[in-house]
Amino acid sequence: MGPRGAARLALAVALALGAAGAALGLRHRARARAPRGGGGGGLTAAAAGGEACGGLRGVPAALGNNTHQCVFDDLSGSVSLSWVGDSTGVILVLTTFQVPLVIMSFGQSKLYRSEDYGKTFKDITSLINNTFIRTEFGMAIGPENSGKVILTGDVSGGSRGGRIFRSSDFAKNFVQTDLPFHPLVQITYHPQNSSCLLALSTENGLWVSRDFGETWEEIHKAVCLAKWGANDTIFFTTYLNNSCKADLGLLELKKTSDFGKAFKVIGTKIYSFGLGGRFLFASVMTEKGTTRRIHVSLDQGETWNMAQLPSVGHEQFYSILAANDDLVFMHVDEPGDTGFGTIYTSDDRGIVYSKSLERHLYTTTGGETDFTNVTSLRGIYITSVLSEDNSIQSVITFDRGGEWVPLRKPKNTTCDSTARSKEECSLHIHASYSISQKLNVPMAPLSEPNAVGIVIAHGSVGGAISVMSPDVYISDDGGYTWARMLEGPHHYAILDSGGLIVAIEHTSQPVNIIEFSTDEGQCWYRYAFSKDPIFFTGLASEPGARSMNVSIWGFRGSFLSRKWVSYTIDFSELLSRTCEDKDYTIWLAHSSNPSIPSDGCILGYKEQYRRLRKSSVCQNGRDYMVTKQPTVCPCTLEDFLCDFGYYRPENQSICVEQPELKGHDLEFCLYGRRELLKTSGYRKIPGDKCLGGESPSRQETDMKKKCTSNFLNPSQLAASTSSTPIILAVVAVLLITVVAGVLIIKKYVCGGRFLVHRYSVLRQHAEANGVEGMDALDPGTPASKGGYHDDSDEDLLE
């Protein structure tokens, strides 16, 4: 999604979504429990229709005086929102209407600006000379609080280059700049220096600007994909003969650290590449030309090591699911059109991998995976597996892939028809795959780093994911325990660092009711934000979950008379009291049994958090910071992953040897030397901080034999001192739609069959969004609140 302050919300107009409701009232749905580990302030919710819970008073006046309507009186088919900066209150709204004609398209767009979090907007279309803005490029917002904005305009056919509008003052003013090229993808900012820009042209030229787009220089031709690396490094692949697609698997990987004055070839026979944490990955064709292997570099491509992962053929792919500075989650597709693969987790060098989860769902019907990082508590991930009976089931890990277990059945729920027993089943989470299959799931799971322990998701309770309409569930302890929060599907958002949750029901009827909770979903209030219902299209709140404002977007009228409308509600007057020390409690994360010394230990240490009591009705505020106190734990087997050549069978905690490797010496190539691995089956989880305790034996022995992966052709890896790029004939143009920092979706080259499982009742013939055969080598960024997943066509690092 890009920088936190640059999230974007796309509000589609396809089908009006919303909730009809009565005027102000109270609804109670009980979650009779406090956070795990001790700590909740324990409101006991009344039965539906009972007394008010929580003590909120003056709701109609407090919210009625702080509900602001804006009507956008223009012909428009879609709306895009971008927040400019962090805590600035500046929002840009781009409305567009486009009619495709026989040989061209006609369209108009308008630009609006707010500097009070969406309460009022000003039409600033004149600042961009009433130019039609290309929505496929979106609004490129600069990192952090740079205040920079780039809009890409549509120009008439036959023009020499494209046109952009640049702002350096939070969109108060724009400067029109004509480009010497037509951009192929959205212009990307240097991560640390927002004045430096990178762009690819439709003729596969690599262009850079060092003065925020005022002047541009083409530094290389025949470029397929380019990314910013550390410092000023730019990594990119080039084709040698025909085109990017024709030369797939024969590309060269190059880098420049001086904006094109000198280049260095750091890899050949490249299929795709990606960056994750401190790792540089390349998918490289083997000498046979029929399989690929992953190579890893920790020094920006100066030296490479082959990752100890299975090779893949043309019909398979790799995908980096997540990566940070010391651990990589890598999905390796199974042979054949199965729709699943295996998750492997790396050591801190990204070289030695262990099998973490088998039968991981990663489909061919659009490249969707449910892999989700729970950002509200460390070490936690949720994903889906395809079971032997072709049903889809959810699993969760609390120790970064060391062990995966089913999600615990929520209290006071009954198992649905997918379960064999009415009492023994588990919670199954709807995520990206459900959304791709057009199930009645309006949002993916949601968590925020500053809303400690809170996870909100659609789900069903049974033996597998159900195609029936889901309910909304919440966990306040990172996914250990769950409770049903709302009946039926909803749109939801986290505000005030978890002190406030808002939701709108997902129905096909017009809506004028918003629901909100001040106690992590135990008790819900209903507020009529408008007398006249609207066709609801989306909730928008500032990324970071610190705001007290939420905007409800929708429209009124028929297609030809449609008008976009937004209602922005400010909850700060309702929760006017600033939280004090008495409003917080100490909470031990990952706690399950307070009577044992190791309670709360995960990844080698336990953490105590300062959390808001559920009974406290107050405001955390924008300056709220998560406070935690860590304590180191002694090592146990739970602090270890299964080592190379070993794996944990499903629902087991011990590591067993992979059958295909029994009786074989475990050897691998590391830094040019043959290494022999002697292991009892365990290696410490990267980032685990435990000390003492259990220490399974493990030894890497230098075999005194040189080895190398010649797939990268090291003899050809020489620096080029010429500042003039080699000019290659452009035979064909690779059409790619890329959005910076977004997961790339891949489709099998030899695929096309649909999975036959319980989900397939509502399957859609979704086409892949990515270039065929590409690997997903960039970790996907989690969807931000108030944002949406942009599917990219660059490499997935297969």
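A nonpolar core is taken here as a set of buried Ala, Val, Leu, Ile, Met, Phe, Trp, Tyr and Cys residues joined through side-chain atoms within 4.5 Å. In this predicted model, the largest such core holds 28 residues. Its best-connected members are Val502, Ile514, Phe516, Phe529, Ile552, Ile569 and Phe571, which touch the most other members. Helix H1 (59-64) gives two or more residues to this core, and so do the strands E36 (490-495), E37 (500-505), E38 (513-517), E39 (523-528), E40 (535-540), E41 (549-556) and E42 (563-570).

Isoleucine 552 gives a good feel for the packing. Leaving aside residues up to four places away in sequence, isoleucine 552 touches Ile504, Ile514, Phe529, Ile534, Phe536, Gly538, Leu539, Val565, Ser566, Tyr567 and Ile569. Another core, of 26 residues, lies apart from this one, and its members include Ile396, Phe398, Ile429 and Val461.

Turning to the cross-links, the structure holds six disulfides. One of them joins cysteine 415 to cysteine 425, with an S to S distance of 2.0 Å. The torsion about this S-S bond is about -85°, so the disulfide is left-handed. Both partners sit in the loop between strand E31 (405-406) and strand E32 (426-430), 10 residues apart. Cysteine 415 has a relative accessibility of 2% and counts as buried; cysteine 425, at 18%, also counts as buried, given that the cut-off is under 20%.

Cysteine 579 and cysteine 618 make another disulfide, with their sulfur atoms 2.1 Å apart. Here the S-S torsion is about 100°, so the bond is right-handed. Cysteine 579 lies in the loop between E42 and strand E43 (584-588), while cysteine 618 is in the loop between strand E44 (605-612) and strand E45 (628-632), so the pair ties together parts 39 residues apart in sequence. Cysteine 579 is buried at a relative accessible area of 13%, and cysteine 618 is buried at 2%.

Then there is the disulfide between cysteine 635 and cysteine 690, whose sulfur atoms are 2.0 Å apart. With a torsion of about 90° around its S-S bond, this disulfide is right-handed. The pair links distant parts of the chain, 55 residues apart: cysteine 635 comes from the loop between E45 and strand E46 (640-642), cysteine 690 from the loop between strand E51 (682-684) and strand E52 (698-706). Cysteine 635 and cysteine 690 are both buried.

Two further cysteines are worth a mention. Cysteine 70 is buried, at a relative accessible area of 9%, and cysteine 196 is buried too, at 4%.

Conventions. Residues numbered from 1 in each chain as written. Predicted model: local features only at pLDDT ≥ 70, side-chain atom pairs only at ≥ 80, totals over all residues. Heavy atoms only, no water. Buried < 20%, exposed > 50% of the residue type's maximum accessible area, 1.4 Å probe, protein only. Helix = DSSP H or I, 4+ residues; strand = E, 2+ residues; numbered from the N terminus. Contact = heavy atoms within 4.5 Å. Disulfide = S-S within 2.5 Å.
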